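Dear colleague,

I am passing on the structure we spoke about, with some notes on what came out of it. Please have a look at it before reading on.

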Amino acid sequence: MVNINPLRKYRLLLVDHDAELAKVLRSMLAEMGFTACDTTGSGAEAMRMLQNQPYDFLITEWNTQQLNGIDLVKKIRRAPNSPNPVLPIIMLTGRAEQSDVLLARDRGINEFVVKPFSAKTIYNRIERIVEHPRQFIVSPSFVGPNRRARGAPPPGMANRRTMKIQPQLQPLDMLGAIEAPQQPRIWLPDFSLKYKLGGARLDSLITPAVLEQAQAAVDAISDASLGWIKTNLEDLRALSARMQAGDYPPMVAHDLGELALTLNARAGTFGYGRASEIAYLLYLFCRNHLNPRHKDHHVIVQKHIDVLHVILGNKMRGSAGELGDQLAGELKKLADKFSQS
């Protein structure tokens, strides 16, 4: 008698504008045992897919096409036509600022993962969803799993300790509560994903050896990935050149930052740690300080791009040694010097 891996029973939806990284993540998940995984780069298309068939959980980027990931989460949790308001959601994104994490949690995500990712970090978040589901809360200002953070309760839930806890979470009941959430309501954790394992623990199916194999599937394509990263870098250089030439496309600071964020995720996932760090520094500068008409700011952007070319052109993996430390330190000083000017 052939034993079928119970992980094949799960159906996942992956939403990411970076098609290359989406393929990598899908391969990684397949190596773990999650073979039923659909992908799209569009938040709007993801919503249509959710309405057409049931999924067990969703992994979404923040930056997705048509409808971004954070608004997709809001529609899943609160829209009257939501197919499953209680769907477990993992936010997988290059955004790592505390304000981004807090906003995602306020929208109702279950877990937050910062790119670059590894097989272990992805597994850890899935394991929390399956083995340790949380109570689900509906209030006028918050819909989602009970947040783990100690201290202040979720918005609108100051009196949750005295509330009656609903014994079983039902999506249809949820819809009614969301449409008229005058009174906060709370449900016991939903163990339906756990039941699909048929009595097994997730760590008995996804062992350290399986995780090593899943990570090896990523490492095996690291040479090909360098081409994707360099293409991303050339896009950065081209947009920066337009800015320096006096051509200011709409939202040029935003677009430069998003290109840097994509490079950060790609480089880090495939072992170029220092390049990932420098790309993230560039993202932060573009997000928080860049004035496209400021010549000194042009220099800062160009210096980051030049350093990235040196590191990637020489295939300098990891921290890139003492040279990497020196280059990163100089860029930080330069950014600090001109960021307020």
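Below are notes on confidence, the nonpolar cores and the aromatic pairs.

This is a predicted model, in which local features need pLDDT of at least 70 and side-chain atom pairs count only at pLDDT 80 or more, while totals for chains, interfaces and linings use all residues. Residues are numbered from 1 along each chain as its sequence is written, and side-chain values use heavy atoms, with hydrogens and water left out.

The mean pLDDT (the predictor's confidence in each residue, from 0 to 100) of the protein chain is 86, with 87% of its residues at 70 or more. Over residues 149–162, however, pLDDT stays under 50, and the model has 20 contacts for them beyond four places in sequence (contact meaning heavy atoms within 4.5 Å).

The largest nonpolar core (buried Ala, Val, Leu, Ile, Met, Phe, Trp, Tyr and Cys residues joined through side-chain atoms within 4.5 Å; buried being under 20% relative accessible area, with a 1.4 Å probe and protein chains only) has 72 residues, of which L29, M32 and I122 touch the most other members. Apart from it lies another core of 21 residues, including A46 and V101.

The whole structure holds 4 aromatic pairs (rings of Phe, Tyr and Trp, the last by its six-membered ring, with centres within 6.5 Å; planes under 30 degrees apart are stacked, over 60 edge-to-face, the rest tilted). The ring centres of F34 and F57 are 6.1 Å apart and the planes at 85 degrees, so this pair is edge-to-face. Ring pairs link Y10, F34 and F57 into a cluster.

Best regards

Key: Buried < 20%, exposed > 50% of the residue type's maximum accessible area, 1.4 Å probe, protein only.
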